[in-house]
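The following exercises concern one predicted model. Please work through each task with the structure open before reading its solution.

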Amino acid sequence: LIVVEDRGGAPTLPYYQALNAEGEGAHGPAAPKQTPRNGDRGEAEAVMLPVRSTRLSPGNEPRRVIRAPGLTPLFLIGDDDRSRAWLLQRRGALKALHAVGLVVNVVSPDALATLRRLAPGLMLSPVSGDDLAQRLGIRHYPVLITTTGIEP
């Protein structure tokens, strides 16, 4: 993994370890984006944007069983109508699971802020989902990924 930014939060490596992730993927590691040396979280995220995941698009991902013991529940969304409706419908369940949100397609800080306003109390981080999509065979979002399954 390449660290794009370290704000002292929880590392993402356990997500990949729980999936028995190996290697760097078909296209090698992504080039790291520059992050500000000083400033607040908003400035750091602004440098990371836009985030585009070329392997993922809005749509219906089929429900399926996986085995990923130790995986923290996570969900993938984008800045689109389908993702916003899904987030509004499931935000209570996502909070109960302590799920972490990965915003895999978002263009601007304003769009990211809008998504965060829809689900206060949930962590939403802008991250390319291409590696995760490849490892899990996911093509569409929004989707919830738990230790036992992938569900739309």
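**Exercise 1: The packing of one helix**

Determine which elements the buried residues of α3 pack against.

Solution. The buried residues of α3 pack against β3 (74–78), α4 (109–118), β5 (123–126), β6 (140–141) and β7 (143–145). Helices (H or I, at least four residues) and strands (E, at least two) are DSSP runs, numbered from the N terminus. The residues of α3 that are buried are Ser83, Trp86, Leu87 and Leu94; buried means under 20% relative accessible area, exposed over 50%, partly exposed in between (1.4 Å probe, protein chains only).

Conventions: the model is predicted, local features need pLDDT of at least 70, side-chain atom pairs count only at pLDDT 80 or more, and totals for chains, interfaces and linings use all residues. Residues are numbered from 1 along each chain as its sequence is written, and side-chain values use heavy atoms, with hydrogens and water left out.

**Exercise 2: Span, kink and ends of the helix**

Compare the expected span of helix α3 with the distance between its end C-alpha atoms, and locate its kink.

Solution. Step 1: the expected span of a helix is 1.5 Å times one less than its number of residues. Helix α3 (residues 81–97) has 17 residues and should therefore span 24 Å; its end C-alpha atoms are 23 Å apart, which agrees.

Step 2: a kink of about 60° in α3 is centred on Arg90, where the bend at a residue is the angle between axes fitted to the seven residues ending there and the seven starting there.

Step 3: at the start of α3, a side-chain oxygen of Asp80 comes to within 3.2 Å of the backbone nitrogen of Arg82. After α3 comes His98, with a positive phi near 55°.

**Exercise 3: The strand before the helix**

Establish how β3 is covered and with which strands β3 pairs.

Solution. Step 1: five of the five residues of β3 are buried. Leu74, Leu76 and Gly78 point one way, while Phe75 and Ile77 point the other way.

Step 2: β3 pairs with strand β4 (residues 100–105) in the parallel sense over five bridges, pairing being assigned if DSSP finds at least two bridges between two strands. Here Leu74 stands opposite Val100 in β4.

Step 3: β3 pairs with β7 in the antiparallel sense over three bridges, and Leu74 stands opposite Ile145 in β7.

Technical notes: Contact = heavy atoms within 4.5 Å. Polar contact = N/O pair within 3.5 Å; in protein donor to acceptor, adjacent residues only side chain to side chain.
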